[in-house]
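These notebook entries record what I looked up in one structure, entry by entry. I begin with how the helices pack and then turn to the sheets.

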Amino acid sequence: MNRYNQRGVSAQKEDVHKAIEKLDKGLFPNAFCKVYPDYWGNDDEYCNLMHADGAGTKSILAYMYWKETGDMSVWKGISIDSIVMNIDDMLCVGAVGPFTYSSTIGRNKQLIPGEVISELINGTQSYFDKLSEYGLTVHLMGGETADVGDVVRTVIVDGTMACRMRRDKLVTTEKMQAGDVIVSLASYGQATYEDEYNSGMGSNGLTSARHEMLKNDYARLYPESVDPNLLAEVVYNGKYSLTDATETGLDIGKMILSPTRTYAPVILKVLEQHFDAIHGIIHCSGGGQTKCLHYLPKPLRVVKNNLLPVPPLFTMIQESAGTSWKEMYQVFNMGQRLEIFTDKATAENIIAISKSFNIEAQISGYVEESDQKELLISSPFGEFTYHG
């Protein structure tokens, strides 16, 4: 991961995990999100959840695309990214709301005017309105918008989401076991609740994707989009312009900026119909297809030998960067951003639910006994082994 690390980013966040290793891990240490006692209601049958995440460096690409084209719609996409990176993590523990959400926007006022802030805030509310059509309630509680030009070169868009839920409705991954199968849900295509084709990008690996795909001209045109401490050889190494056409119907910029897909409508139905059979839900965000290793409750081997086809975006990134396929599976979701661990009969029903929303899904692998936490990926590009 030489170039990835040289850009000051990490797929595994080893230093972050080390920094928090002595902190209280909550009521269920193997849960995808930290679960707290019911501090406000003081009821042992309930628990509290709070989660913080954001759009990451995807906002830099939105800034460049907006400056290049004048298209303001990309900012609504960034607000969606921040929301979905929160709500889909919380879905992994069975949380279905009602949620509260507070946004945190830090901007360089010299470059990010009020009209962009308006798009971000109003885009947040309009997305909550859309989610309500599918049975999810999220209350926008306000937030913080700070002018921090000395800290932020363009803009960063984050959020914090919280909810209170019954403990007996939690999905904690404690039930993951040998014999489980894995259902992978596609991150690409066009779900029934999406307005256009989604490339599957999500909100992880954007630093790598941006620099590996875009032309070096952008370093000169938008120096504010680059950390001045980076070595020149890892800055905008690609061959594409933001407005170059692709086979997907989206140009390069819009393809990388595809708003992160939420699986909330799907998971709502899955939990309603199959809660007792769900042994774990993993959001393949940071860490890509290796994310599951962090949440195995005991030594197990996860075998992924039937993953969904890799969509065009990730093939283009790999070809541009020359990145090893083993690293690609560790950095990007590679076309499947949510996976559910369950039994085979339930898996078939989950696949049908997913496809009812026009989201491809299939059994992508299985779990077996092992003396260590291990992941085996068998792909058209080779077989790769990772350890927890």
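**Entry 1. Two helices in contact.** I worked on a predicted model. I first examined helix 4 (residues 73–91) and helix 5 (residues 114–132), whose axes come within 8 Å and cross at roughly 50 degrees. Because of that angle, helix 4 is oblique to helix 5. I noted the crossing of helix 4 past helix 5 as right-handed.

I then listed the residues that make this contact. Helix 4 contributes Trp75, Lys76, Ile78, Ser79, Ile80, Ile83, Val84 and Ile87. Helix 5 contributes Val116, Glu119, Leu120, Gly123, Thr124, Ser126, Tyr127, Phe128 and Leu131. Sorted by class, the contact of helix 4 with helix 5 has eleven nonpolar, four polar and two charged residues.

**Entry 2. The five-stranded sheet.** In what order do the strands of the open sheet of five run? I read the order as 1-2-5-3-4, and the pairing is mixed. The edge strands are strand 1 and strand 4 (138–147), and each of them pairs on one side only. From one strand to the next, the twist averages 20 degrees.

I went through the pairings in turn. Strand 1 (residues 35–37) is antiparallel to strand 2 (residues 46–54), with three bridges between them. Within that region I found Tyr36 opposite Asn48 of strand 2. Strand 2 also runs antiparallel to strand 5 (residues 155–166), and nine bridges join the two. For Met50, I recorded Ala162 in strand 5 as the bridge partner.

The parallel part of the mixed pairing was checked next. Strand 3 (residues 99–107) and strand 4 pair in the parallel sense over eight bridges. There, Gly106 has Ala146 of strand 4 as its bridge partner.

**Entry 3. Backbone details in two loops.** Which residues does the cis peptide bond join? I found it between Gly97 and Pro98, with omega at about 5 degrees. Pro98 is placed in the loop between helix 4 and strand 3. A second point concerns Asn42, which has a positive phi of about 55 degrees although it is not a glycine. I located Asn42 in the loop between strand 1 and strand 2.

**Entry 4. The seven-stranded sheet.** I next traced an open sheet of seven strands, with the order 7-9-6-10-8-11-12 and mixed pairing. Strand 7 (280–283) and strand 12 (382–387) stand at the edges with a single partner strand each, so one side of each is left without a neighbour in the sheet. Here the twist averages 20 degrees from one strand to the next.

For a pairing inside this sheet, I looked at strand 8 (residues 300–304) and strand 11 (residues 374–379), which pair in the parallel sense over four bridges. Val302 has Leu375 in strand 11 as its bridge partner. I also asked which strands helix 4 touches as it packs on the sheet. Helix 4 touches strand 7 and strand 9 (336–342), and its direction makes about 160 degrees with that of strand 7. Helix 4 thus appears again in my notes, having been recorded above in contact with helix 5.

**Entry 5. A second helix pair.** The axes of helix 9 (residues 264–274) and helix 12 (residues 344–356) come within 10 Å and cross at roughly 145 degrees. I recorded this crossing as right-handed. On the helix 9 side, the residues are Val266, Lys269, Val270, Gln273 and His274. They meet Thr346, Asn349, Ile350, Ile353 and Ser354 in helix 12. By class, I noted four nonpolar, five polar and one charged residues in the contact of helix 9 with helix 12.

**Entry 6. Domain annotations.** Lastly, I consulted the UniProt record, an unreviewed entry. It gives "domain: PurM-like N-terminal" for residues 44–163. Over residues 44–163 I read 42% helix and 31% strand, with the end C-alpha atoms 15 Å apart. The UniProt record also lists "domain: PurM-like C-terminal" for residues 178–375. Over residues 178–375 the chain is 30% helix and 17% strand, and the end C-alpha atoms lie 13 Å apart.

Conventions:
Residues numbered from 1 in each chain as written. Predicted model: local features only at pLDDT ≥ 70, side-chain atom pairs only at ≥ 80, totals over all residues. Heavy atoms only, no water. Pairing = 2+ DSSP bridges. Axes fitted to C-alpha atoms, helices over the stretch in contact; angles between N-to-C directions. Parallel < 35°, antiparallel > 145°, perpendicular 65-115°, else oblique. Left-handed = near helix turned anticlockwise from the far one by under 90°. Contact = heavy atoms within 4.5 Å. Nonpolar A, V, L, I, M, F, W, Y, C, P; charged D, E, K, R; others polar. UniProt positions renumbered as here; feature names shortened; annotations may be inferred.
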